[in-house]
Structures are given as C-alpha cells and as structure tokens.
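Reader: I should like to learn how individual features are read from a model. Could we work through one example together?

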Amino acid sequence: MHKRSVIPSSSGVNWASMFMGTGPEMHGYTTWGSKTPEVPSIATNENGIFPTIFSVIREQRPSAETGCTFEWDGIKYVIDTLSISHVEYFKEGWKQVEENCDKIVQYIQDKKPVFFAPCFDGIDGIGHEKGWYTEDYYAYLVRIDSCVGRIIQALKDA
C-alpha cells in the first residue's frame, strides 16, 4: 500500500515511465493515450524515442533476443518496437489469456530471450467490464496468477 504511480496517473504515462526508467518530466509522455511525447523528451535514441530498457539492451548487446507482448495497444508507442526482437499485440488478450500464455511460453522456450516483458492488461479490462473486486475480478486474478507462474517457470528453464 506504499507504491505510487507517476503523476499524472494514466496508462501511457505510467507504461512509458516503467520502460524508460524515468518520469514524464524527462520522457515527455503526459496523457493516457500518448503516441508521441506531448513535451519534447530530454533525450532521444537513434530511433527518435527516449531510451527504453529495450534500446539500452540493443545498444549494449546488439544480437540479444528481447521480447514484449501486450494486451493494450497503447504500449507499442512507449516501448521502442524497433529495438525489440519480438513484439506481439494480443487483441482481446484478457479474454483468452491462457492461449496467449501458451504463445509466450513457447516463445521463451524457442528463443530464450535475455529480457522479456509480458504486459497483462486484463485486470483493468475485467474491472471495466465486470466491476472491480467482483467474483469475476478475483477469478481472473487466479487465471493470471497461473499464467505468471508458467512464464516464470519457462524463464527459469530457458
């Protein structure tokens, strides 16, 4: 109960901050659906975006396998897709999370990425559709917890 989001607290801003390792005052993303920074980034990489964990890995280890999967398409604007080996958007992801998890596990087993970010948006999606703290909400948490466990095991085995 002591964690905080960046301000303003909205999806694009927070995802950018997680992948870029800094706040909106540096990366420039300031609104929910940011596709480009609303405020000029203080620095940009060769792809014209504030450096992300993916671009830093690509710069230091050019042949490293990296991946990112996501269920909210707004993430593609803040991850620097040009620096990532495998990018996959799961439309309607939370409704078929187990099938998507199968794809993620297979990717990890096949490619053995040095860095991989699975971005699950389902808890937010089910909250909007069915209500937060409802039976459906808690049932989804069980489903996603199982998927996260499978992904962690795949990474350990890779």
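Author: The discussion below takes up helix packing, the sheet, burial and backbone geometry in turn. Please keep in mind that this is a predicted model.

Reader: Let us begin with helix packing. At what angle do the axes of α5 and α6 cross, and within what distance do they come?

Author: Two packed helices are described by the angle between their axes and the distance between the axes. Here the axes of α5 (residues 122–130) and α6 (residues 135–157) come within 9 Å, and they cross at roughly 165°. Because angles over 145 degrees count as roughly antiparallel, α5 is roughly antiparallel to α6. The crossing of α5 past α6 is right-handed.

Reader: Which residues make this contact?

Author: From α5 the contributors are G122, I123, I126, G127 and K130, and from α6 they are D136, Y137, Y140 and L141. An α-helix has 3.6 residues a turn, so residues three or four places apart point the same way. Sorted by class, the contact of α5 with α6 contains five nonpolar, two polar and two charged residues.

Reader: Turning to the sheet, what is the order of its strands?

Author: The three strands form an open sheet in the order β2-β1-β3, and their pairing is parallel. The edge positions belong to β2 (86–89) and β3 (115–119); each has a single partner strand, so one side of each is left without a neighbour in the sheet. On average, neighbouring strands of this sheet are turned by 5° against each other, direction ignored.

Reader: How many bridges join β1 to β2?

Author: Four bridges connect β1 (residues 66–70) with β2, and the two strands run parallel. T69 offers a view of this pairing: T69 belongs to β1 and stands opposite E88 in β2.

Reader: Is T69 buried or exposed, and which residues is T69 in contact with beyond its neighbours within four places in sequence?

Author: A residue counts as buried under 20% relative accessible area. T69 has a value of 4% and is therefore buried. With its neighbours within four places in sequence left aside, T69 is in contact with H86, E88, F90, I104, F116, A117, P118 and C119.

Reader: Can burial be read for a whole helix as well? For example, how many residues of α1 are buried?

Author: In α1 (residues 11–20), eight of the ten residues are buried, so the helix is largely enclosed by the rest of the structure. The buried residues are G12, V13, N14, W15, A16, S17, F19 and M20. They pack against α2 (24–27), α3 (53–60), β1 and β3.

Reader: Finally, what should be noticed in the backbone geometry?

Author: Most residues other than glycine have a negative phi, and most peptide bonds are trans. In the segment before α1 lies P8, and the peptide bond from I7 to P8 is cis, with omega near 5°. Following α1 comes G21, whose phi is positive, near 70°.

Reader: Where do K112 and Y133 lie, and what is the sign of phi at K112 and at Y133?

Author: K112 is in the loop between α4 (97–111) and β3; although K112 is not a glycine, its phi is positive, about 50°. Y133 is in the loop between α5 and α6, and Y133, also not a glycine, has a positive phi of about 65°. As for accessibility, K112 is partly exposed, with a relative accessible area of 46%, whereas Y133 is exposed, with 58%.

Technical notes:
Residues numbered from 1 in each chain as written. Predicted model: local features only at pLDDT ≥ 70, side-chain atom pairs only at ≥ 80, totals over all residues. Heavy atoms only, no water. Axes fitted to C-alpha atoms, helices over the stretch in contact; angles between N-to-C directions. Parallel < 35°, antiparallel > 145°, perpendicular 65-115°, else oblique. Left-handed = near helix turned anticlockwise from the far one by under 90°. Contact = heavy atoms within 4.5 Å. Nonpolar A, V, L, I, M, F, W, Y, C, P; charged D, E, K, R; others polar. Pairing = 2+ DSSP bridges. Buried < 20%, exposed > 50% of the residue type's maximum accessible area, 1.4 Å probe, protein only.
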